[in-house]
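Reader: I'd love a close look at one part of this model. Could you walk me through how a pair of its helices meets?

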Amino acid sequence: MSAETVSTGVLSAVSIHKYVQSLALGRQLPLTQRTNLVTDSHPELEIEGRAYQADPWTNVPQSILSLVPRRLHLQPSHPVSLTRELIESRFPAPTYNHHNDLSPVVTVAQNFDSLGFPADHPGRNRSDTYYVNKDTVLRTHTSAHEADIFRQNASEGYTISADVYRRDAVDRSHYPVFHQMEGARMWDRSKVPGGDIAKAVWADLARMPKHDLEVEDPNPTVNPERNPLQAEYHSLKEVEAVAAHLKRSLEGVVVELFSKAKQAAAAANGPDPLIHEEPLKVRWVEAYFPFTSPSWELEVFWQGDWLEILGCGVTKQDLYIHAGIPNHIGWAFGVGLERVAMLLFSIPDIRLFWSRDKRFLSQFTTVDNINRYKSFSKHPACYKDVAFWLRSSSSSAGGGLRSNAQDFHENDVMEIVRIIGGDLVEDVRLVDEFQHPVSGRKSLCYRINYRSLERTLTNEEANEMHESVRSELVKKLGVELR
């Protein structure tokens, strides 16, 4: 089938793309046409040339599918791609293989079951995850590929960089498609001399580059309550070696990223005492993550404040066992590329990453020439409120179905606003909440900020979008407008 074809039951990626591009460029399709694109039912979805059968679980909208081909982490000179390149440079071949072009369509088993997500985990809900059908999702994290890569056992380490998809809030730091990077390093007991993992890891650490960072790491490697050892599988001696290797590796990433950030700040504004007179320093904070133990967050002191950069830890042994490599031990980390890129390039709004405006894209070139973003426009906000009553009787689950106070999920509101307004909406906030003292019915009021990054919206345009939002809230969620 031609990519331009929209045949009965098959949704063309091109027709989807035209709709979203019209939003990004500030051109609104006629409201009737826009609504049809949003709400038409299709028995099949076409994603990257492959057809998937839709079913009652399907909740991924056309506006999201249109973003699948973009893959910002692979676009030359894009700030997300440059951030990926900088981090990858600290994990060289042949020790590390880099996986950057894995399909975003994965099975529920890959995304959840392989990682031990319980059946009732909220991440499995349709309110949080985009389902292609009941057995297939758009990946919510790069770890969806972890078990497969462990099973391949093709290298001692790897990184995965990919676009991931989640139904989420609408604001300047959240977007339903974003980019993650994870990395891992492993050692095989059956291959190191004498099976001495600790000795092998310390030897590898001795060959790694040193740095002059100030490091705060006040806690012991393990704590029985806060940060436990996987005592059934690991000795304390082994975990101390693996943790030291992990921390040196990621401290090197901070040096690479924030040395560039300091240079960019100086080039843009001249020496800034807040940046250039403070030493580059990091601290390790105990944390909990479901796939590692012990676990830490890495924070960096930047522009007078501590900022969380990434999470990491000693990989849960169950993951290796289920992947068929039970003799392995190692570490893993995960980082949001947009979060780092916003710091590195001083980009204030996550929507900018999706801009096709040359005034934005031309500001970035190579990893050797990191520039701070220079604003090319500032357009006025247009605030509009929508208030509604939730239904008082229970009927069905959330995730795009008719809502009552028990099953209502805020992400359903966010999704409707995103589908209608696209990148013309800067943020959505809950500004009022009220429960009737007699009937017990709950009322919510959301404030929507319509603001384009590239031009001034007319009040008529904002009104048209807002009326469409109000209509869809009634139609999809069954609310009663106030």
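At what angle do helix H13 (residues 410-421) and helix H14 (residues 459-477) pack, and how far apart are their axes?

Author: Happy to, and please keep in mind that this is a predicted model. Two packed helices are described by the angle between their axes and the distance between the axes. For H13 and H14, that angle is about 140°, and the axes lie 9 Å apart. Angles over 145 degrees would count as roughly antiparallel and those from 65 to 115 as roughly perpendicular, so H13 and H14 are oblique to each other. Their crossing is right-handed.

On the H13 side, the contact is made by Asp 412, Val 413, Ile 416, Val 417, Ile 420 and Gly 421. H14 answers with Met 465, Ser 468, Val 469, Glu 472, Leu 473, Lys 476 and Leu 477. Sorted by class, this contact has 8 nonpolar, 2 polar and 3 charged residues.

While you have the model open, the largest pocket is worth a visit too. Its volume is about 1,400 Å³. There are 49 residues in the lining, and the closest to the pocket's centre are His 141, Arg 166, Phe 178, Gln 180 and Gly 334. Strand S9 (177-188), strand S13 (305-315), strand S14 (328-336) and helix H11 (337-345) are the elements that each give two or more residues to this lining. The largest share, 8 residues, comes from S13. By class, the lining of the largest pocket divides into 21 nonpolar, 19 polar and 9 charged residues.

Terms used: Residues numbered from 1 in each chain as written. Predicted model: local features only at pLDDT ≥ 70, side-chain atom pairs only at ≥ 80, totals over all residues. Heavy atoms only, no water. Axes fitted to C-alpha atoms, helices over the stretch in contact; angles between N-to-C directions. Helix = DSSP H or I, 4+ residues; strand = E, 2+ residues; numbered from the N terminus. Parallel < 35°, antiparallel > 145°, perpendicular 65-115°, else oblique. Left-handed = near helix turned anticlockwise from the far one by under 90°. Contact = heavy atoms within 4.5 Å. Nonpolar A, V, L, I, M, F, W, Y, C, P; charged D, E, K, R; others polar. 1 Å grid on protein atoms, 1.4 Å probe; cavity = no way out; pocket = protein on both sides within 12 Å on 5 of 7 lines; lining within 4 Å. Points joined across faces, edges and corners; volume = space filled by probe spheres on them.
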